[in-house]
Protein chains: 2
Amino acid sequence: MFEAKVTVQLKKGISDPEGVNTLKAIHLLGFPKVKNAKTIRTFNLTIDGTDKNQVKKDVEQICQRLLTNPVIHQYEITIEEKK
Amino acid sequence: MFEAKVTVQLKKGISDPEGVNTLKAIHLLGFPKVKNAKTIRTFNLTIDGTDKNQVKKDVEQICQRLLTNPVIHQYEITIEEKK
């Protein structure tokens with residue numbers, strides 16, 4: 001059993017409307033010292049299997065085909081064995 | 001200048017429709033070995049200031065008033081000094 005953590009964030013230079021609006025709301029709440037807000041999505045996947053390399057390949061595929069848009073996103077995968 | 005990382009996830013027992021649907025889609029893609037999918041949001045905030053305790057208090061406030069819903073979410077804050 002493995003636990004895969006996929007972190008998906010926007011590439012540099014891609015505008016982050018959710019971050020921009022979060023920042024606006026934070027300013028409206030009265031916290032002008034906050035200078036920047038950025039959002040990141042993480043997917044935690046629990047995967048059955050014994051071969052870490054195969055699991056890694058599968059997660060790569062899942063990222064490329066479902067979880068991320070290669071035009072705007074960059075992603076990182078970390079895989080840990082789970083007991 | 002500080003960098004605050006706020007991790008927001010659903011409390012245990014609260015259903016995660018996004019995770020459920022991600023899992024369904026992963027199965028449809030042909031990866032039945034994935035047994036569970038869970039989604040987590042992270043906000044990275046850049047904050048001006050010199051007093052770490054004050055920054056922490058501000059981020060607490062921002063979490064409680066804006067970023068999270070205390071009924072369904074649990075959150076974690078980590079603050080690092082940035083040069």
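In this predicted model, helix H2 of chain A (residues 52-67) and helix H1 of chain B (residues 17-28) have axes that come within 11 Å and cross at roughly 110 degrees. That angle makes H2(A) roughly perpendicular to H1(B), since angles of 65 to 115 degrees count as roughly perpendicular. The points below cover the helix contacts between the chains, then the make-up of chain A, and then one residue of its helix H2.

**H2 of chain A with H1 of chain B**

- The crossing in which H2(A) passes H1(B) is right-handed.
- On the chain A side the contact involves Ile62(A), Leu66(A) and Leu67(A) of H2(A), and these meet Thr22(B), Ala25(B) and Ile26(B) of H1(B).
- Sorted by class, the residues of this contact of H2(A) with H1(B) comprise five nonpolar and one polar, with no charged residue among them.

**H1 of chain A with H2 of chain B**

- Helix H1 of chain A (residues 17-28) and helix H2 of chain B (residues 52-67) likewise have axes that come within 11 Å, crossing at roughly 110 degrees, and H1(A) and H2(B) are therefore roughly perpendicular to each other.
- The handedness of the crossing of H1(A) and H2(B) is right-handed, and the contact is formed by Thr22(A), Ala25(A) and Ile26(A) from H1(A) together with Ile62(B), Leu66(B) and Leu67(B) from H2(B).
- In the contact of H1(A) with H2(B), five residues are nonpolar and one is polar, while no charged residues take part.

**Make-up and extent of chain A**

- Chain A contains two helices and three strands, which follow one another along the sequence in the pattern β-α-β-α-β.
- The radius of gyration of chain A is 17 Å, whereas the globule rule gives 12 Å for 83 residues, so chain A is more spread out than a compact globule.
- Taken along the principal axes, the box filled by the C-alpha atoms of chain A is roughly 50 × 30 × 15 Å.
- Of the 83 residues in chain A, 39% are buried.
- Among the contacts in chain A with a separation of 6 or more, 76% join residues that lie 24 or more positions apart.

**Glu60 in helix H2 of chain A**

- Glu60(A), which is found in helix H2 of chain A, is partly exposed, with a relative accessible area of 28%, because the partly exposed class lies between under 20% for buried and over 50% for exposed.
- Leaving aside residues up to four places away in sequence, Glu60(A) touches Tyr75(A) and Ile77(A).
- Glu60(A) and Ile77(A) are separated by 17 residues in sequence, and their C-alpha atoms are 7.9 Å apart in space.

Note on methods
Residues are numbered from 1 along each chain as its sequence is written. Chains are lettered from A and ligands numbered from 1 in the order in which they are written. This is a predicted model: local features need pLDDT of at least 70, side-chain atom pairs count only at pLDDT 80 or more; totals for chains, interfaces and linings use all residues. Side-chain values use heavy atoms; hydrogens and water are left out. Axes are lines fitted to C-alpha atoms, for helices over the stretch in contact, and angles run from 0 to 180 degrees between N-to-C directions. Helices (H or I, at least four residues) and strands (E, at least two) are DSSP runs, numbered from the N terminus. Angles under 35 degrees count as roughly parallel, over 145 as roughly antiparallel, 65 to 115 as roughly perpendicular and the rest as oblique. A crossing is left-handed if the near helix is turned anticlockwise from the far one by less than a right angle, and right-handed if clockwise. Contact means heavy atoms within 4.5 Å. Ala, Val, Leu, Ile, Met, Phe, Trp, Tyr, Cys and Pro count as nonpolar, Asp, Glu, Lys and Arg as charged, and the others, Gly among them, as polar. The radius of gyration is taken over C-alpha atoms; the globule rule is 2.2 Å times the number of residues to the power 0.38. Buried means under 20% relative accessible area, exposed over 50%, partly exposed in between (1.4 Å probe, protein chains only).
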